[in-house]
Amino acid sequence: MSTSEAVLIVIPARYASSRFPGKPLADIAGRPMIAHVIDRCRASCGGEARVLVATDNSDIADVARDCGAEARLTPPELPSGTERVAYAARDEAEGIIVNVQGDEPLLDPRGIDTVVGMLRSDPSFDIATLASPISAEEAADPNIVKAVVALDGHALYFSRARIPHARDEAALAVYLGHIGLYGFRRDALLRFASLPPSTLEDTEKLEQLRALDHGMRIGVGRAARRSPAVDVPSDIARVLEALHADASQA
């Protein structure tokens, strides 16, 4: 495999979350949450991708290494997970960098395979991400980011608003909920991290709009469903419920 097609998966894992301090170390079924995320990442790409945890905390780094991942300490003042990923990957050789959120313990490894496959097969995409169908009720929730996608698969826009807007009540709008998993070409990641926040990004509080504002093409693949993320401690109950449901169906 050429260096341009080799994959580095980076999991940004910040300790000092304002809503859930120490979140990556939270116990889920007897293991730290970050361990579950690492397992999911290692199950992707036929086991050939490197997995690296980018964190501001030595305890998180130790857990990552115990789970078979690499770890790199990054400055605590970095403003976002994407900047943390770029910092960790800047001296690495892999041509494809996948940003996996550290609060997705039920991430489907096939999603990583999808974004990697998109970047390998379509040279016009600078970034690849995912979306899944959602209901009209979910589309009205500003906490669920919506994606509008062109016929050729590239993103037209992302918004917290319900888009597309069905002006005719008889129209059957198709809503797609964005899944915050990103595959970057290495040069695109480093460029993105060097750009200042854009007006659209500041307006919607969505950093992917910075890429669109600067003419970068984002490919959007389809996923069957969204996995529950952990934003606050009470979300762990939902994750445990989903884990038990998956185990009962296995």
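In the predicted model, the largest cavity is lined by Thr-82, Ile-127, Tyr-182, Phe-184, Phe-192, Glu-207, Gln-208, Ala-211 and Ile-218. About 50 Å³ of space lies in this cavity, and the count of cavities of 30 Å³ or more comes to one. Two elements, strand β10 (175-185) and helix α8 (208-213), each supply at least two residues of the lining.

Several of the lining residues also take part in aromatic contacts. The structure holds two aromatic pairs. In one of them, the rings of Tyr-182 and Phe-184 have their centres 6.0 Å apart and their planes at an angle of 35°, so that this pair is classed as tilted. In the other, the ring centres of Phe-184 and Phe-192 are separated by 6.1 Å and the planes meet at 50°, so this pair is likewise tilted. Tyr-182, Phe-184 and Phe-192 together form one aromatic cluster, and each of these three residues is named among those that line the largest cavity.

The members of the cluster may next be considered for their exposure to the surroundings. Tyr-182 and Phe-184 are both buried. For Phe-184 the relative accessible area is 2%, and because buried means a value under 20%, this residue falls within that class. Phe-192, with a relative accessible area of 3%, is buried as well. A charged side chain is also found at Phe-192, since Arg-210 lies over the face of its ring, at 4.5 Å from the ring centre. A further arrangement of this kind involves Arg-90, which lies over the face of Tyr-87 at 4.0 Å from the ring centre.

Tyr-87 belongs to a stretch of the chain that forms helix α3 (residues 81-89), a helix that is mostly covered, with seven of its nine residues buried. The buried residues of α3 are Thr-82, Glu-83, Arg-84, Val-85, Ala-86, Ala-88 and Ala-89. One of them, Thr-82, also appears in the lining of the largest cavity.

A further site is centred on Glu-204, which has its place in helix α7 (residues 199-204). Glu-204 has a relative accessible area of 14%, and it is therefore counted as buried. Leaving out residues up to four places away in sequence, Glu-204 touches Tyr-157, Phe-158, Ser-159, Arg-160, Ala-161 and Leu-209. With one of these, Tyr-157, the contact is polar and runs from side chain to side chain, at a distance of 3.0 Å. The C-alpha atoms of Glu-204 and Val-145 are separated by 9.7 Å, although the two residues are 59 residues apart along the chain.

The last site to be described is a loop residue, Asn-57, which lies between β4 (50-55) and α2 (58-66). Its relative accessible area is 15%, and Asn-57 is therefore also counted as buried. A polar atom of the Asn-57 side chain lies 2.9 Å from the backbone nitrogen of Ile-60, a residue that falls within the range given for helix α2. When neighbours within four places in sequence are left aside, Asn-57 is in contact with Tyr-15 and Leu-73.

Notes: Residues are numbered from 1 along each chain as its sequence is written. This is a predicted model: local features need pLDDT of at least 70, side-chain atom pairs count only at pLDDT 80 or more; totals for chains, interfaces and linings use all residues. Side-chain values use heavy atoms; hydrogens and water are left out. Helices (H or I, at least four residues) and strands (E, at least two) are DSSP runs, numbered from the N terminus. Buried means under 20% relative accessible area, exposed over 50%, partly exposed in between (1.4 Å probe, protein chains only). Contact means heavy atoms within 4.5 Å. A polar contact is a pair of N or O atoms within 3.5 Å; within protein, one must be able to donate a hydrogen and the other to accept it, and residues adjacent in sequence count only if both atoms are side-chain atoms. Rings of Phe, Tyr and Trp (its six-membered ring) pair if their centres lie within 6.5 Å; planes under 30 degrees apart count as stacked, over 60 as edge-to-face and the rest as tilted. A charge sits over a ring if NZ of Lys or CZ of Arg is within 6 Å of the ring centre and within 35 degrees of the ring normal. On a 1 Å grid over the protein atoms alone, a cavity is a set of points where a 1.4 Å probe fits but cannot get out, and a pocket is an open set with protein on both sides within 12 Å along at least five of seven lines; lining residues have an atom within 4 Å of a point. Grid points are joined across faces, edges and corners, and a volume is the space filled by probe spheres set on the points.
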